[in-house]
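I opened a fresh notebook page for this one and wanted to know where the ligand sits. Here is what I looked up, in the order I looked.

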Amino acid sequence: MADPLIATARIPLADPAGVLRELCEHFVEHGTVTLTEGGGRLESPFGVVTLEAGPAVLTVRAECPNDGHLFIVKSSVAEHVVMFAGDQPVTIAWSGDGAATTEIPYFREMTVRRARDITPTMRRVTLAGADVGHFETGGLHVRVLIPPAGRKPRWPVAGSDGRVVWPQGEDELTRRVYTVRSIDRARGEIDIDVVLHGDSPGSVWARTVQAGDPVGLLGPGGGDIVPADWYLLCGDETALPVIARIAEALPPEARATILLEVADASERQPIASAAQIELSWLHRDGAEAGTTDLLETAIKAAAWPASGTPYALAGCEHGQARAIRSYLRKERGLSRDRHLVAAYWRRGHGGDAVADPE
Ligand SMILES: Cc1cc2nc3c(=O)[nH]c(=O)nc-3n(C[C@H](O)[C@H](O)[C@H](O)COP(=O)(O)OP(=O)(O)OC[C@H]3O[C@@H](n4cnc5c(N)ncnc54)[C@H](O)[C@@H]3O)c2cc1C
């Protein structure tokens, strides 16, 4: 195994112990936190962060298996230190691995190769670029960075404090989270399936892209396929790409119940899988997306196997995701590592910050 990458920062703060406490409380949601006398240790799949609060300095040490994980840890710690320091101006200077570059390790510039409708409201955008194998591990989703029309794109860089520095003003990028539906290493291409739902920036992008258009991708992220004996995979059309991708990757011995909510029969897509699949399509038949309880009702009616390890994944509108998460946790007793229920979008809210992974 390669040596871990290590970065450290000494951050002058008025109340280092207070910021340390808040960091530890926050990261309980994302990993294992151990508190020690004057310090703390945060362990997550991305790496290990050790914190030490001195009289006026918070010392942070991050140890991660690769440069992508190290960047995520550094930027996340930096963002949260700034947030928890409140009004106080904060200067963070990292040293060690990754300090000498402004490149974001998991950023890739790609080029649109083509786009075509695969159902009346789902459009497949094919992107080409070097090293598409990069998207095979580390998560199933990417943040798509759409440059302003007619301008040469300026992409984000890594600031010396570890945070992402975004282009501003006329160069501001539109950011949206999508799933990498498929990866074709031989052709150097990936597919992204975009739901067309009016004049939103993501829909307009997918409808109007031209071969040769540049696009930026940050990722992948958002979790890989979790091993299980039985899967409950549910969602509306925004989660159809991830569910189809997972179904395609499951081994023959796996079983899966798949519940997919779409507008009507014209939105159905073939779901290929070597696994034993029970697939149900739920049609809104005229109701607006995000206004029905079709998914929740179908999930409550689903038959669960008597034995074997389950895993549930759901992606849909925010309100539905809350109801489904609550049912899986409270009624089905699923532990955090046995389910991922995420708001993929939120009625009346636009942008890339609505994602609510837990
Ligand atoms: C992990 C993850 C993976 C995702 N994967 C995909 C994917 O593969 N394909 C995909 O199409 N989407 C996917 N999404 C959802 C997508 O990011 C959101 O739908 C996003 O809001 C789309 O941006 P937009 O510019 O179209 O709309 P926004 O500008 O964000 O929103 C504009 C308006 O449209 C509404 N809106 C947003 N999405 C929908 C929708 N689907 N139907 C109806 N109204 C909507 C909003 O409530 C808002 O009122 C994913 C989200 C997450 C978190």
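Entry 1, the ligand's place. I began with the domains on either side: domain 2 (107-221) and domain 3 (230-345) both give residues to the shell around the ligand, so the ligand lies between them. A reminder to myself that this is a predicted model.

Entry 2, the division of the protein. I noted three domains: domain 1 (5-96), domain 2 (107-221) and domain 3 (230-345). For the pair that flanks the ligand, I found their C-alpha centres 25 Å apart.

Entry 3, where the pair touches. I looked up the contacts next and got 12 residues of domain 2 against 11 residues of domain 3. On the domain 2 side of this contact, strand 7 (107-119) and strand 14 each supply at least two residues. I sorted that side by character as well and found 5 nonpolar, 5 polar and 2 charged residues.

Entry 4, back to the ligand. Which residues come nearest to it? Out of 27 residues around the ligand, I listed T179, V195, S200, G202 and G350 as the nearest. I then checked which elements give two or more residues to the shell, and these are strand 12 (174-179), strand 14 (189-195), helix 3 (201-208) and strand 20 (339-345). Strand 12 has the largest share, with 4 residues. I was pleased to meet strand 14 again, since I had already written it down for the side of domain 2 that touches domain 3.

Entry 5, the character of the shell. I counted 11 nonpolar, 12 polar and 4 charged residues around the ligand.

Key: Residues numbered from 1 in each chain as written. Predicted model: local features only at pLDDT ≥ 70, side-chain atom pairs only at ≥ 80, totals over all residues. Near = placed C-beta within 6 Å. Nonpolar A, V, L, I, M, F, W, Y, C, P; charged D, E, K, R; others polar. Domains from an automatic or database assignment. Contact = placed C-beta atoms within 7 Å.
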